[in-house]
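Colleague: I am new to this structure and would like to go through it by question and answer. Please show it to me before we start.

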Amino acid sequence: MTRTIVASATREIVIGFDQPFCVIGERINPTGRKKLAAEMVAGNFETVIKDALEQAACGATMLDVNAGVTAVDPNATEPALLVQTLEIVQNLVDLPLSIDSSVTAAIEAALKVAKGRPLVNSVTGEEEKLEAILPLVKKYNVPVVAISNDETGISMDPDVRFAVAKKIVERCADFGIPAHDVVVDPLVMPIGALGDAGRQVFALLRRLREELKVNTTCGLSNISFGLPHRHGINAGFIPMVIGAGMTSAIMNPVRPQEMEAVRAANVLNGTDKDCMNWIKTYKDYKPAEGGHPVAAPVAVNAPGDAAAGGRRRGGREARMARG
């Protein structure tokens, strides 16, 4: 059984087909958030701290940390800012972290100070990227997100995206990185622009699980990009991708509707042992008049927390905007 181990200084999480779905909190990312970007540039981390604590309280399994505040000379500005952000977050919460950057120097700087076993987010199929990132992944013995695009861009053909993923897994093996330390992002297309985007990713996930035997992730809200009431689409998408074999996603754990879908899928998939996380989270849940919840429930244990019986984007030009 494929198992990808990530860890903070005090907590180990397993991403796997037999584990609760891994929710990677997306909020610590200034991409598309002008206020957060301006704060971080000014050395103000109030929103970072708020987002870290809130995502942890709402049930995130991991947190993605991104410091891509500018496209102007990121090689000079991003490494120090990413290190500063990472150190703040890892001293604030005990969740494992995902180091999210497209800047090789920033990834290396963050790996030097990261506690535990973080996830590197990410590498693509361009040979230049593979040669830059994979030696770092091997040196620090950490898992890596493999995004299914290469020099030709993002293919609309799912067979091409599978071929790129296979290439990355094989190149990882050349560097001595096992397949269980590669988490493939098959790239979720917006359903509003590509009508069979859902069916595409379901088929891709089954192939990745059965043929490459790798864990998978995605930018979850890409599926609903451009549509109204995106959270409803996202919540419907979650149990379907989990059923197809996806084992993690970069998403916003603060949205109760989407986290409820994750927890329900864990129950129905048999990865919430004895339904204990569901019961602890919702035993006192009472809908308000009209069927709407009074308040968002807070998870007692994050999905995938080993103690509970189980265990984004600036670095990803391939990703569309968050919801």
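Colleague: Is E131 buried, partly exposed or exposed?

Modeller: This is a predicted model, and the value is computed from it. Buried would need under 20% relative accessible area, and exposed over 50%. E131 has 43%, so the class is partly exposed.

Colleague: Which residue forms a salt bridge with E131?

Modeller: Side chains of opposite charge can pair when their charged atoms come close. For E131, the closest N and O atoms of the pair are 2.7 Å apart. E131 lies in helix α5 and the partner in helix α6, 40 residues apart along the chain. The partner is R171.

Colleague: Is R171 buried or exposed?

Modeller: The cut-off for a buried residue is under 20% relative accessible area. R171 has 15%, so R171 counts as buried.

Colleague: Which residues are linked with E131 and R171 in a network of salt bridges?

Modeller: The pair of R171 and E131 joins helix α6 to helix α5. The network takes in E131 and R171 along with two further residues, E127 and D174.

Colleague: Why does the distance between the end C-alpha atoms of helix α6 agree with its number of residues?

Modeller: Helix α6 covers residues 158-174, which is 17 residues. The expected span is 1.5 Å times one less than the number of residues. That gives 24 Å for α6, and the end C-alpha atoms are also 24 Å apart, so the two agree at 24 Å.

Colleague: What do the buried residues of α6 pack against?

Modeller: The buried residues of α6 are R161, F162, V164, A165, I168, V169, R171 and C172. An α-helix has 3.6 residues a turn, so residues three or four places apart point the same way. The elements they pack against are β6 (119-123), α5 (127-140), β7 (144-147), β8 (182-185) and α7 (197-212).

Colleague: At the start of α6, which backbone nitrogen does a side-chain oxygen of D157 reach?

Modeller: The other end of the helix has its own feature: just after α6, G176 takes a positive phi of about 80°. At the start, the side-chain oxygen of D157 comes to within 2.9 Å of a backbone nitrogen, that of D159.

Colleague: How many salt bridges does a search of the whole structure find?

Modeller: One of them joins D51 to R33, with the closest N and O atoms 3.1 Å apart. D51 is in helix α2 and R33 in the loop between β3 (22-28) and α1 (34-41), and both residues are buried. Another joins R117 and D181 at 2.7 Å, N to O. The search of the whole structure gives 13.

Colleague: Which residues form a nonpolar patch on the surface with L53?

Modeller: L53 is in helix α2 (residues 46-57). Patch residues need over 30% relative accessible area, and L53, at 42%, counts as partly exposed. The patch has about 220 Å² of accessible area together, and the residues that join L53 in it are I49 and L92.

Colleague: Which residues does E260 touch, not counting those up to four places away in sequence?

Modeller: E260 sits in helix α9 (residues 256-269) and is partly exposed, with a relative accessible area of 34%. Its C-alpha atom is 9.5 Å from that of Y282, 22 residues apart along the chain. The residues in contact with E260 are W278, Y282 and Y285.

Conventions. Residues are numbered from 1 along each chain as its sequence is written. This is a predicted model: local features need pLDDT of at least 70, side-chain atom pairs count only at pLDDT 80 or more; totals for chains, interfaces and linings use all residues. Side-chain values use heavy atoms; hydrogens and water are left out. Patches are made of residues with over 30% relative accessible area and no salt bridge: like charges are joined within 9 Å, nonpolar side chains (Val, Leu, Ile, Met, Phe, Trp, Tyr) within 5 Å. Accessible areas come from the Shrake-Rupley method with a 1.4 Å probe; for residues, only the protein chains shown count as cover. A salt bridge is a side-chain nitrogen of Lys or Arg within 4 Å of a carboxyl oxygen of Asp or Glu. Helices (H or I, at least four residues) and strands (E, at least two) are DSSP runs, numbered from the N terminus. Buried means under 20% relative accessible area, exposed over 50%, partly exposed in between (1.4 Å probe, protein chains only). Contact means heavy atoms within 4.5 Å. A polar contact is a pair of N or O atoms within 3.5 Å; within protein, one must be able to donate a hydrogen and the other to accept it, and residues adjacent in sequence count only if both atoms are side-chain atoms.
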